[in-house]
Amino acid sequence: MDRINTIGRRKTAISRIYMSAGTGAITVNGKDYKQYFPTEVLQIILNQPFSTINGVDGYDVKVNVRGGGVSGQAEATRMAIARALVEMNSEFRPALKKEGFLTRDSRMVERKKYGRRKARRRFQFSKR
């Protein structure tokens, strides 16, 4: 089995991953994933597809991620890992789909409108 290349997106973050059989090492932008995603919540998000299929140690993952914030990057990477697992073994698809890891979360930040302070927030009203 050779390397599998997939992509995941969330908000404005785009994550490209290269997955191959190995020891379970996850590298994000040249760093260990625990160093790149320091909080435990983000690390759990990243490992959710592996824990769903009970196979954490089987694959090496090299991640290139850019854009967005850390939570968007973690969720984009989660989607890419789930897609790669399905590409490796189609039996994983029902379990990963049930958890919602294969569905692109299309929610984006609403754009700022003119005459407003933010997308919907008005400027403060002053009577005098």
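Reader: Why is Arg10 called buried?

Author: In this predicted model, Arg10 has a relative accessible area of 9%. Buried means under 20%, and Arg10 is therefore placed in that class. The residue belongs to strand β1, which covers residues 4–10.

Reader: What makes the pairing of the Arg10 and Asp105 side chains a polar contact?

Author: The distance given for the two side chains is 3.5 Å. The cut-off requires N or O atoms within 3.5 Å, one able to donate a hydrogen and the other to accept it. The pair is therefore listed as a polar contact between side chains.

Reader: Which residues is Arg10 in contact with, leaving aside neighbours within four places in sequence?

Author: Asp105 appears again here, together with Gly72, Glu75, Ala76, Arg104 and Arg107.

Reader: Lys11 follows in the loop between β1 and β2. Why is Lys11 called partly exposed?

Author: Its relative accessibility is 39%. Buried requires a value under 20% and exposed a value over 50%; Lys11 lies in between and therefore counts as partly exposed. The backbone of Lys11 also deserves attention, with phi near 50 degrees, a positive value in a residue other than glycine.

Reader: How do you know that Asn29 is partly exposed?

Author: Asn29 has a relative accessible area of 33%, which falls between the limits of 20% and 50%, and the label therefore applies. Asn29 is located in the loop between β3 and β4, and phi of Asn29 is near 50 degrees, again positive in a residue other than glycine.

Reader: What makes Val61 a buried residue?

Author: Val61, in strand β5, has a relative accessibility of 2%. That value is under 20%, so Val61 counts as buried.

Reader: How many residues apart in sequence are Val61 and Ile26, and how far apart in space?

Author: The two are separated by 35 residues in sequence, while their C-alpha atoms are 4.7 Å apart. Ile26 is also among the contacts of Val61 beyond four places in sequence, which include Ile17, Met19, Phe50 and Ile81.

Reader: How many aromatic pairs does a search of the whole structure find?

Author: Two such pairs are found.

Reader: Why is the pair of Tyr36 and Phe37 called edge-to-face?

Author: The ring centres are 5.0 Å apart and the planes meet at 85 degrees. Pairing requires centres within 6.5 Å, and planes over 60 degrees apart count as edge-to-face; the pair therefore takes that name. Phe37 itself is buried, with a relative accessible area of 0%.

Reader: What makes the pair of Phe50 and Tyr59 stacked?

Author: Here the centres lie 6.4 Å apart, within the 6.5 Å limit. The planes are at 20 degrees, under the 30 degrees set for stacking, so the pair is stacked. Phe50 has 1% relative accessibility and Tyr59 has 16%; both values are under 20%, so both residues count as buried.

Reader: Which residues is Leu85 in contact with beyond four places in sequence?

Author: Phe50 and Tyr59 are among them, as are Met19, Pro49, Ile53, Phe92 and Leu96.

Reader: Which members of the largest nonpolar core touch the most other members?

Author: Of its 27 residues, Met19, Leu85 and Leu96 do so. At least two residues of this core come from each of β2 (13–21), β3 (26–28), α2 (40–53), β5 (59–66) and α3 (70–88). The largest share, seven residues, is supplied by α3.

Note on methods:
Residues are numbered from 1 along each chain as its sequence is written. This is a predicted model: local features need pLDDT of at least 70, side-chain atom pairs count only at pLDDT 80 or more; totals for chains, interfaces and linings use all residues. Side-chain values use heavy atoms; hydrogens and water are left out. A nonpolar core is a set of buried Ala, Val, Leu, Ile, Met, Phe, Trp, Tyr and Cys residues joined through side-chain atoms within 4.5 Å. Buried means under 20% relative accessible area, exposed over 50%, partly exposed in between (1.4 Å probe, protein chains only). Helices (H or I, at least four residues) and strands (E, at least two) are DSSP runs, numbered from the N terminus. Contact means heavy atoms within 4.5 Å. Rings of Phe, Tyr and Trp (its six-membered ring) pair if their centres lie within 6.5 Å; planes under 30 degrees apart count as stacked, over 60 as edge-to-face and the rest as tilted.
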